[in-house]
Amino acid sequence: MEAGGLRFRRQRQVLFIFIFGGVSLAVSGFGRYSVTEETERGSFVVNLAKDLGIAEGELATRGARVVSDDNKQHLLLDSQTGDLLTNEKLDREKLCGSTEPCMLYFQILVDNPFQIYRAELRIRDINDHSPVFQDKEMVLKILENTAEGTIFRLERAQDSDGGLNGIQKYTINPSSFFHIKITDSDEGVIYPELVLDKALDWEEQQELRLTLTALDGGSPPRSGTTTIRIVVVDVNDNAPQFAEAQYETQVREDTPIGSLIVKVSAGDVDSGVYAEVSYSFFDASEDIRTTFQINPFSGEIVLKALLDYELIKSYKINIQAIDGGGLSARCTVSVEVLDTNDNPPELIMSSLSNYIEENSPETVLAVFRIRDRDSGENGKMVCHIQEDLPFLLKPSVENFYVLMTEGALDREGRAEYNITISVTDLGTPRLKTEHNIRVLVSDVNDNAPTFSQTSYTLFVPENNSPALHMGSVSATDRDSGSNAQVTYSLLPPQDPHLPLASLVSINADNGHLFALKSLDYEALRTFEFRVSAIDSGSPALSSEALVRVEVVDENDNSPFVLYPLQNGSAPCTELVPRAAEAGYLVTKVVAVDNDSGQNAWLSYQLLKATEPGLFSVWAHNGEVRTARLLSERDAAKHRLVVLVKDNGEPPMSTTVTLHVLLVDGFSQPYLPLPEVALDEAQADSLTIYLVIALASVSSLFLFSVLLFVGVRLCTRNRAASVGRCSVPEGHFPSHSMEVSGTGTLSHSYQYEVCLTGGSETSEFKFFNPIMPNIQAQGCERNNEENPNFRNSFGFNIQSKFC
């Protein structure tokens, strides 16, 4: 990426170098507070509400919280009272080491509106550590001819405390040969130096012992001691000499263990054992001793542990060379650690909310800080999120960023987002850190239930059983949870006369509709009502749908005859003139059916008749008409039974009785008799007819016997074939004689009749009747048709004679 080409891209990708003001979020200046180390947990630091000018309750409502730069919870904010308290015992030496002053930087974050207050807490030191020498005993070899006033630098003591509680002076026990001198270094550290006050004499005293005491400035002061063992050395003319008094080298922090850092070299012009030089660290700190190692013979300094630029950027190592005679020389090695891009960026989350209500305006989801422990280009960072998400990444101060929504979110459109915050440094090679945030959009009751149909039509057969499941309505809600729980109910009908509560019920949970009682199509063919679906949100939302119930007809009603009336009163008699032609309209049966559709389609059929074939009924309109011409031989009174049947399944029917009276003309007065009188008259006349018929049959039988005897006598001499009635096959057509039952005979009979060809009296014989209708066949001679006649039993006999 070229210089100057880095831009904010929709404020999603940010290059952070330094940020000074001008940001869109409110940021306050520093607040400076202090606390003494080692105070108990819960110790009061400051009342932030008062210091920031915010009401006590407002801190809680605005979600105030405290975050530290090291992402550790050293402090605790009581949002109700506004008091800032310690969350643990603070150890200055552990937090800051020897750095003084020890500062703990933190931020106070508040929402609505979002603000960052920067603050620092100084941890005041207490004298809780005593000075400590690295060695319990220091050995110092001094030539006996060393001049008075010569200075010997001693190893200093270590004190974890700082400031006045650090080491302030060194002392030794009284001695006539030495005294202590204090020297300040460039780093602000004091060193003890031993000054020779009186020349030493090996012959008088070969060794001296002194006690070196280090005192800090605490109250009361703490101290640490070590023993200085001074060895008086016999004459050794020359001390070692280093080639350089100051060695400087640079080492990459990723240098492997065992690598050579630098080699120091010292020479001694003496000979023998006095020229043998050994190397060692002098007044080296614990960090130096654990990180580096020196070869005592070659002077090579090698790496003993991995370097970390972020912890220690440079080392100053004191090297001492000692010859065989005890004389020494010192030099300094300065090691500068070079930074490499070995630390990926860090993302420290200060506050995070994984849930956000839909339809909320711009809302802060997360506040975080990024940092890179590397320096230079290795420490520059780029922070961004995905482009296709409705979220913004806004930079603030102190490497802080705010993740917030661009606008209102719709849970029904998308209920979950996975946001990846990527932080990349500009080192070589580039290192990248990603942090994933799962954001769930919580539901708001902003969707009313929706029916699958705006209207429903249900078909229910009539005569249903109570509690019949008629059908169901269904509504869905795009919301979730309780906002999507739908309850169904019936709305009051618009028709006040419709007893909806006694007709229909609905299951409030699933929308099933039930018929509470048996429905009657003839009483209620259709009805409408509205159903409501309401969710459980707050406030609740609802919708309505129209339900139309169609009662399906069943064939449960027989046809009802309107005419002629069948009410048990005197029957209505239809008059038909005997001169009526075939097709004459006698009457019309009028019937209705309360059912509908094909269940109400009616057909008519002549079920019974006094004389079959005389009348006919039209099947579709119920008209009763004459089937042929009337004659004098037709009975005067006729009783017709008409069947009226619907087209249902199964079909239902009813019958109607018609009385028809044949009259010669409408001019003669006729008054129908009551039903009872007619029956009695018929009974009397039938008796008379039977008597007359019996006498006639008896007379006819006697006459026939006599006639038969006479004929036999006359034809005795004829051929045998002439003596009986013979009709060549196929010469005459077959004829029948119909006998209609009247009076006490309820069936019609047909007889076969055979007439002799030579009989002048038209003699005929009756053969066995054929039930119920028997064809009467006769021999026809002159194709002359005799008129109909009625026998004594009331039979209408129609025959043709030969």
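Let's start with an open sheet of 4 strands, ordered β10-β16-β15-β12, where the pairing is mixed. Keep in mind that this is a predicted model. Beyond that sheet, there are two nonpolar cores to look at, one with 27 residues and another with 26, plus a couple of single residues worth a visit: D634, which is buried, and F44, which sits in strand β4.

**The four-stranded sheet**

- The edges of the sheet are β10, covering 137-143, and β12, covering 167-172, and each of these pairs on one side only.
- Going from one strand to the next, the twist averages 25°.
- Strand β12 is joined to β15 (residues 207-216) by 5 bridges, and the two run antiparallel.
- To find your way along that pairing, look for I167, which stands opposite D216 in β15.

**The largest nonpolar core**

- This core has 27 residues, and the ones with the most contacts inside it are F242, V264, Y279, F292, I317, I319 and V333.
- Several strands chip in at least two residues each, including β18 (246-252), β21 (278-281) and β24 (314-322).
- Also on that list are β19 (260-263), β22 (292-294) and β23 (300-303).
- Strand β25 gives the largest share, with 5 residues.
- For a closer look, pick I317: leaving out neighbours within four places in sequence, I317 is in contact with F281, I288, F292, C331, T332, V333 and V335.

**A second core**

- Apart from the largest core lies another one, made of 26 residues.
- Among its members are V460, V486, L503 and V531.

**D634 in its loop**

- You'll find D634 in the loop between β49 (623-626) and β50 (637-646).
- D634 counts as buried because its relative accessible area is 5%, and the cut-off for buried is under 20%.
- The side chain of D634 has a polar partner: it makes a polar contact with the side chain of R628, at 3.0 Å.

**F44 and its surroundings**

- F44 belongs to strand β4, which spans residues 44-47.
- Setting aside residues up to four places away in sequence, F44 touches D83, L84 and L85.
- F44 and L76 are 32 residues apart in sequence, and their C-alpha atoms are 9.8 Å apart in space.

Technical notes
Residues numbered from 1 in each chain as written. Predicted model: local features only at pLDDT ≥ 70, side-chain atom pairs only at ≥ 80, totals over all residues. Heavy atoms only, no water. Pairing = 2+ DSSP bridges. Axes fitted to C-alpha atoms, helices over the stretch in contact; angles between N-to-C directions. Buried < 20%, exposed > 50% of the residue type's maximum accessible area, 1.4 Å probe, protein only. Polar contact = N/O pair within 3.5 Å; in protein donor to acceptor, adjacent residues only side chain to side chain. Contact = heavy atoms within 4.5 Å. Core = buried A, V, L, I, M, F, W, Y, C linked by side-chain atoms within 4.5 Å.
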